[in-house]
Amino acid sequence: MPLRVYIEDTDAGGIVYYVNYLKYMERARSEWLRHHGFTQRELLEAGIQLVVHRLECRYAKPARLDDELNVSAAVLSHGRCRLSFVQTVMRDGEPLCEARVDIACLDAVRLKPTPWPPALAAVLNG
């Protein structure tokens, strides 16, 4: 997913503030869902909430104001109610930030783990 760094993304020195990489990754996961025919809103309306359960992140190099970045989201593994992504923020093919993000599928009312909806499970099972 391509994106550009704007002034609102940076600190006073023009370097992307660390938490914004996580926002970029969230967008890429949302676009992954959309690519497969799902939206966060539709899942919420169906009583499903996706939440970050665990995150491991490594920052290698800074992104700067006006940089053109690309953010990827690839499924690493999945289970009955969890999903692990490997994500990378890159500039010109060079990794700037890499993360493993574990997502849990929750019942939006009870806030307890619940199996993936059948249509999404079909996508995950290929």
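## A tour from E56 outwards

Start by selecting E56: at 41% relative accessibility, this residue counts as partly exposed. Bear in mind as you click around that this is a predicted model.

**The charged cluster.** Keep E56 on screen and add R54. The two form a salt bridge, with the closest N and O atoms 2.6 Å apart. R54 is partly exposed too, since its relative accessible area is 37%. Now bring in D102, whose side chain also meets R54 in a salt bridge, this one at 3.7 Å from N to O. That pair reaches across the chain: D102 sits in strand β5 and R54 in strand β2, 48 residues apart. D102 itself counts as buried, because its relative accessibility is 9%. Add R100 to your selection and you have a salt-bridge network made of R54, E56, R100 and D102.

Next, pick R58 and E98. Their side chains form a salt bridge as well, at 3.5 Å from N to O. R58 belongs to β2 and E98 to β5, so this pair ties together parts that lie 40 residues apart in sequence. E98 counts as partly exposed, at 32% relative accessibility. If you want to hunt for others, the structure holds 10 salt bridges.

**The sheet.** Switch to cartoon view and colour the strands. Which order do they take in the sheet? It is an open sheet of 5 strands, running β1-β3-β4-β5-β2, with antiparallel pairing. The edges belong to β1 (2-4) and β2 (48-59); each has a single partner strand, so one side of each has no neighbour in the sheet. From one strand to the next, the twist averages 30°.

Zoom in on β2 and β5 (residues 94-107), which pair in the antiparallel sense over 11 bridges. For a spot to centre on, take V51, which stands opposite A104 in β5. Then show helix α1 (residues 18-35), which packs on the sheet and touches β1, β2, β3 (68-78), β4 (82-91) and β5. The direction of α1 makes about 65° with that of β3.

**The cysteines.** Select the sulfurs. How many disulfides does the structure hold? The count is 0. C57 is in no disulfide, and its nearest cysteine sulfur, on C97, is 3.4 Å away. C57 counts as partly exposed, at 29% relative accessibility. C105 is in no disulfide either; for this residue the nearest cysteine sulfur is that of C81, 7.0 Å away. Is C105 buried or exposed? C105 counts as buried, because its relative accessibility is 0%.

**An acid without a salt bridge.** Go to D9, in the loop between β1 and α1. D9 is buried yet has no salt bridge, and the nearest side chain of opposite charge, R27, is 5.1 Å away. Leaving aside residues up to four places away in sequence, D9 touches R4, I15, V16, Y17, N20 and Y24, so-called neighbours worth showing as sticks.

**Zooming out.** Now fit the whole chain in the window. The secondary structure comes to 3 helices and 5 strands, and from the N terminus the elements run β-α-α-β-β-β-β-α. Along its principal axes, the C-alpha trace spans about 45 × 25 × 25 Å. Of the 126 residues in the chain, 37% are buried. For a contact map, take contacts between residues at least 6 apart in sequence: 62% of these join residues at least 24 apart.

Note on methods. Residues are numbered from 1 along each chain as its sequence is written. This is a predicted model: local features need pLDDT of at least 70, side-chain atom pairs count only at pLDDT 80 or more; totals for chains, interfaces and linings use all residues. Side-chain values use heavy atoms; hydrogens and water are left out. Two strands pair if DSSP finds at least two bridges between them. Helices (H or I, at least four residues) and strands (E, at least two) are DSSP runs, numbered from the N terminus. Axes are lines fitted to C-alpha atoms, for helices over the stretch in contact, and angles run from 0 to 180 degrees between N-to-C directions. Contact means heavy atoms within 4.5 Å. A disulfide is a pair of cysteine sulfur atoms within 2.5 Å. Buried means under 20% relative accessible area, exposed over 50%, partly exposed in between (1.4 Å probe, protein chains only). Lys and Arg count as positive and Asp and Glu as negative; His and the chain ends are not counted. A salt bridge is a side-chain nitrogen of Lys or Arg within 4 Å of a carboxyl oxygen of Asp or Glu.
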